[in-house]
Amino acid sequence: MAIVIKGGTVLTAVDQFVADVVCEDGQIKAVGKDLDAPAGAEVIDARGQFVLPGGIDAHTHMELPFMGTVSADDFYTGTAAGVAGGTTTIIDFIIPSRNQSLLEARDFWMNNAKKAVSDYAFHMAVTWFGDQVRSEMEHVFHNDGIQSFKIFMAYRGAIGVDDVELVGVLDTAYKLGALVTSHCEHGDAVVALQTRLAERGLTEPKWHAASRPAYLEGEATNRVIQLARAASDGRNGHMAGAHEAQPVYIVHLTCKESMDAVYRARQEGQKVLVETCPQYLLLDDSVYEKPDFEGAAYVMSPPIRPKGHQDYLWNALATGSIQHVATDHCPFRQSDQKIMGRDDFRKIPNGAAGIENRMSLMWTYGVAAGRITPQQFVDVCCTQPAKIFGLYPRKGAIAVGADADVVVYDPTGTSTISAKTHRQNVDRNIFEGFEQKGRVTHTVVNGRLQFKDGDLRVERGAGRYLKRTKV
Ligand code: URP
Ligand code: ZN
Ligand code: ZN
């Protein structure tokens with residue numbers, strides 16, 4: 001059935017104008033003034049509201065086996081919560097265990113993702129390296145539409161790589177023309193700090209943050225940036241310039257130290273892309289002081305930073321230095337998952353939920369607070385992730401021929417975020433009590449109205465796997 005969204009203010013990454021949007025057969029068929037509705041079309045009156053591309057979250061972990069448990073949203077519940085919050089596409093991570101075949105892991109994740117209600121793609125994490133991994137990287141790049149690889153510089157002893165492996169991944173990606181995304185923390189130094197703290201009996205959640213200081217994130221960010229240069233050097237009998245380096249994308253960047261490493265590299269002409277998340281913009285490390293083990297809800301890596309880093313990141317966002325705001329959605333229940341680390345912060349599963357709240361948080365504390373423009377909001381939440389990861393203009397655009405993933409946002413009214421009312425499959429919300437200005441009133445996914453005025457009508461398995469193209 002066709003849908004016509006009438007009279008709203010269309011927001012794009014560069015523009016805003018009043019127009020109708022006609023969606024038919026899963027695509028946007030027309031954008032313009034006073035358009036006729038196809039026979040039988042459902043009409044959404046969007047006057048006074050904003051109409052924007054469906055949100056893209058390029059960093060999620062649905063049903064991720066991690067730290068002795070599995071993240072609590074599966075591809076069905078997680079993408080459904082996303083749709084309620086205006087996110088219509090996710091890019092999740094295939095994460096093989098050490099020594100596991102990348103192709104075997106791919107099959108496992110692809111199978112799990114079949115229950116998604118909205119479209120999805122994958123990055124491939126590389127957790128070890130050798131000839132087999134190199135050829136499997138080539139395979140998924142050429143055959144499966146996976147054009148971005150992920151390395152973890154943290155989590156040593158599990159999914160984290162050492163520098164030799166890291167260089168191997170950068171080198172292979174360079175030859176392929178693929179993007180390398182990186183979780184930046186000095187994994188070995190984190191383990192040393194964790195051990196020292198635990199030996200002194202310092203086991204509460206706040207010591208998680210203490211064991212992962214910003215300088216260790218800054219060091220790793222700088223290291224992957226510098227090693228990316230080595231991927232290009234010497235190939236043509238000369239040492240390459242920074243502008244020829246392997247492009248890198250820093251995931252969930254949290255701090256001034258990392259941002260400064262990025263600024264330095266960009267000054268030299270190097271291509272470094274940056275993602276942050278709402279929790280790093282909106283929370284400070286006082287959350288770890290909460291009594292009764294409540295600080296565990298905020299245990300994630302990298303951790304929430306001390307006051308000061310948040311404004312630094314907002315400024316980076318406002319000046320276009322951060323390309324994407326993702327969520328790193330990786331929820332764990334307090335009751336039976338976070339509690340595993342009751343006596344030892346090292347055993348608290350790392351991660352938190354966020355997919356349902358990203359768009360409204362960025363609207364409220366970004367646009368409504370005057371920190372970013374509506375166009376920047378669309379750019380960092382919808383359009384840039386599509387461009388960076390090879391989904392544009394099919395995704396991330398309100399334009400004829402794009403997939404009909406459209407969000408209607410009513411900027412009026414307020415509500416309060418709470419775990420009592422959210423749809424994410426967890427018993428805590430790290431933004432509990434945060435006021436939101438406005439709300440998503442409608443989410444159209446692939447031409448179907450899946451969310452309307454609080455009523456979620458998602459269809460299990462309706463999401464499609466998106467093969468991505470090299471950009
Ligand atoms: O704490 C986090 N971030 N958990 C998810 C895995 C990761 O590092 O992204
Ligand atoms: Zn990470
Ligand atoms: Zn993550």
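Where is the place of Asp107? Asp107 sits in helix α2, which spans residues 102-112. The model described here is predicted.

**Asp107 and its surroundings**

Asp107 is partly exposed, because its relative accessible area of 43% falls between the 20% limit for buried and the 50% limit for exposed. Its side chain makes a polar contact of 3.0 Å with the side chain of Arg106. Arg47 is another matter. Asp107 and Arg47 are 60 residues apart along the chain, and their C-alpha atoms are separated by 45 Å.

**The zinc site**

Two protein residues donate to the zinc ion (ligand 2): His183 through ND1 and His252 through NE2. These donors lie 2.0 to 2.1 Å from the ion. The site has four donor atoms, and the angles among them run from 57 to 151°. The geometry is therefore irregular, since a tetrahedral site would need all angles between 85 and 135 degrees. A second zinc ion (ligand 3) is 3.7 Å from the zinc ion (ligand 2).

His183 belongs to strand β12 (residues 179-183). His252 is in the loop between β13 (248-250) and α8 (256-267). The pair therefore ties together parts that are 69 residues apart in sequence. Both histidines are buried.

**Ligand 1**

His183 and His252 also appear among the residues around ligand 1. Histidines His59 and His61 are on that list too, as are the aromatic residues Phe152 and Tyr155. Met300, Ser301, Asp328, Cys330, Asn350 and Gly351 complete the set. Three distances to oxygen atoms of ligand 1 are tabulated here.

| Residue | Protein atom | Distance to an oxygen atom of ligand 1 |
|---|---|---|
| His61 | polar side-chain atom | 3.2 Å |
| His183 | side-chain N or O atom | 3.0 Å |
| Ser301 | polar backbone atom | 2.7 Å |

His183 thus has two roles in this account: zinc donor and polar partner of ligand 1. Ser301 uses its backbone for the approach to ligand 1, whereas His61 uses its side chain.

**Nonpolar cores**

In soluble globular proteins, nonpolar side chains tend to be buried together. Here the largest nonpolar core holds 113 residues. Which of its residues touch the most other members? They are Leu52 and Phe377. Leaving aside neighbours within four places in sequence, Phe377 is in contact with Leu52, Met359, Met362, Trp363, Val367, Ile372 and Cys382. A second core of 17 residues is separate from the largest one. Its members include Ile5, Ile44, Ala404 and Val408.

How values were computed. Residues are numbered from 1 along each chain as its sequence is written. Chains are lettered from A and ligands numbered from 1 in the order in which they are written. This is a predicted model: local features need pLDDT of at least 70, side-chain atom pairs count only at pLDDT 80 or more; totals for chains, interfaces and linings use all residues. Side-chain values use heavy atoms; hydrogens and water are left out. A nonpolar core is a set of buried Ala, Val, Leu, Ile, Met, Phe, Trp, Tyr and Cys residues joined through side-chain atoms within 4.5 Å. Buried means under 20% relative accessible area, exposed over 50%, partly exposed in between (1.4 Å probe, protein chains only). Contact means heavy atoms within 4.5 Å. Donors are N, O and S atoms within 2.8 Å of the metal (3.2 Å for Na, K and Ca); water is not among the atoms, so sites may look incomplete. Four donors count as tetrahedral if all angles lie between 85 and 135 degrees; four count as square planar and six as octahedral if opposite donors are over 155 degrees apart and all others between 65 and 115; anything else is irregular. Helices (H or I, at least four residues) and strands (E, at least two) are DSSP runs, numbered from the N terminus. A residue is near a molecule or strand if one of its heavy atoms lies within 4 Å of it. A polar contact is a pair of N or O atoms within 3.5 Å; within protein, one must be able to donate a hydrogen and the other to accept it, and residues adjacent in sequence count only if both atoms are side-chain atoms.
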